[in-house]
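Here are a few worked exercises to try with the model open beside you. Have a go at each task before you read the solution.

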Amino acid sequence: MTNRQPGVKGPDELRRQIARARGRSGALAGRVDVKGRAQARAADLRDKAGALTVQLRSSAAQAGHTVQDRAGRSGLPRPVLVAGAVAGAVVAAKALRRGRR
């Protein structure tokens with residue numbers, strides 16, 4: 001028989017209770033950390049915007065090549081091709097700026 005008083009918990013039980021309490025407080029701290037969650041969300045949005053920018057640039061470049069190929073087959077002079085490519089670049093740049101806002 002041990003000399004424990006009723007209601008007194010042993011050191012192992014106290015350690016388990018402390019571990020459970022720390023786990024609950026850590027989860028609560030994560031939910032309350034608004035600044036940290038906002039920073040994480042902002043980082044996610046920046047990553048998505050960067051990926052979209054790369055995709056738009058790739059699409060614009062592909063469209064420019066397609067226009068050049070079609071214009072080359074149609075017999076248009078080189079200055080017309082250059083003007084079309086510049087116009088495409090301007091449109092792509094405006095689209096990228098709008099996407100950042």
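pLDDT is the predictor's confidence in each residue, from 0 to 100. You'll want that here, as this is a predicted model, where local features need pLDDT of at least 70, side-chain atom pairs count only at pLDDT 80 or more, and totals for chains, interfaces and linings use all residues. Residues are numbered from 1 along each chain as its sequence is written, and side-chain values use heavy atoms, with hydrogens and water left out.

**Exercise 1. Layout and confidence**

Work out which elements make up the chain, and find where confidence is highest and lowest.

Solution.
- Step 1: Count the elements. There are 3 helices and 0 strands, in the order α-α-α from the N terminus. Helices (H or I, at least four residues) and strands (E, at least two) are DSSP runs, numbered from the N terminus.
- Step 2: Take the overall score. The mean pLDDT of the chain is 79, and 81% of the residues reach at least 70.
- Step 3: Look helix by helix. Helix H2 (residues 34–74) has the highest confidence at 85, while H3 has the lowest, with a mean of 77.

**Exercise 2. Surface and burial**

Find how much of the chain is buried, then place arginine 78 on that scale.

Solution.
- Step 1: Set the cut-offs. Buried means under 20% relative accessible area, exposed means over 50%, and partly exposed is in between (1.4 Å probe, protein chains only).
- Step 2: Apply them to the chain. Of its 101 residues, 6% count as buried.
- Step 3: Get the total area. The accessible surface is about 8800 Å², and 58% of that belongs to carbon and sulfur atoms. The areas come from the Shrake-Rupley method with a 1.4 Å probe; for residues, only the protein chains shown count as cover.
- Step 4: Check arginine 78. This residue lies in helix H3 and counts as exposed because its relative accessibility is 64%.

**Exercise 3. Salt bridges in H1**

How many salt bridges does a search of the whole structure find, and which residues are linked in a network?

Solution.
- Step 1: Fix the criterion. A salt bridge is a side-chain nitrogen of Lys or Arg within 4 Å of a carboxyl oxygen of Asp or Glu.
- Step 2: Count. The search turns up 3 salt bridges.
- Step 3: Take aspartate 12 and arginine 15. Their closest N and O atoms are 3.3 Å apart, and both residues are exposed. They sit about one helical turn from each other because they are 3 residues apart in helix H1 (residues 11–32).
- Step 4: Turn to glutamate 13. Its bridge to arginine 16 has a closest N to O distance of 3.1 Å, and its bridge to arginine 20 comes in at 3.7 Å.
- Step 5: Join them up. Glu13, Arg16 and Arg20 form a network of salt bridges.
- Step 6: Add exposure. Glutamate 13 is partly exposed at 25%, as is arginine 16 at 45% and arginine 20 at 42%.

**Exercise 4. A patch and a pocket**

Which residues make the nonpolar surface patch, and which element gives the largest share of the lining of the largest pocket?

Solution.
- Step 1: Name the patch. Val82, Val86 and Val90 make up about 230 Å² of nonpolar surface.
- Step 2: Check one member. Valine 82 is in helix H3 (residues 78–100) and is partly exposed at 44% relative accessibility.
- Step 3: Move to the pocket lining. Among the residues there are Ala60, Gly64, His65, Gln68, Gly84 and Ala89. The elements giving two or more residues to the lining are H2 and H3.
- Step 4: Pick the main contributor. H2 supplies the largest share of the lining, 7 residues.

Notes:
Patches are made of residues with over 30% relative accessible area and no salt bridge: like charges are joined within 9 Å, nonpolar side chains (Val, Leu, Ile, Met, Phe, Trp, Tyr) within 5 Å. On a 1 Å grid over the protein atoms alone, a cavity is a set of points where a 1.4 Å probe fits but cannot get out, and a pocket is an open set with protein on both sides within 12 Å along at least five of seven lines; lining residues have an atom within 4 Å of a point.
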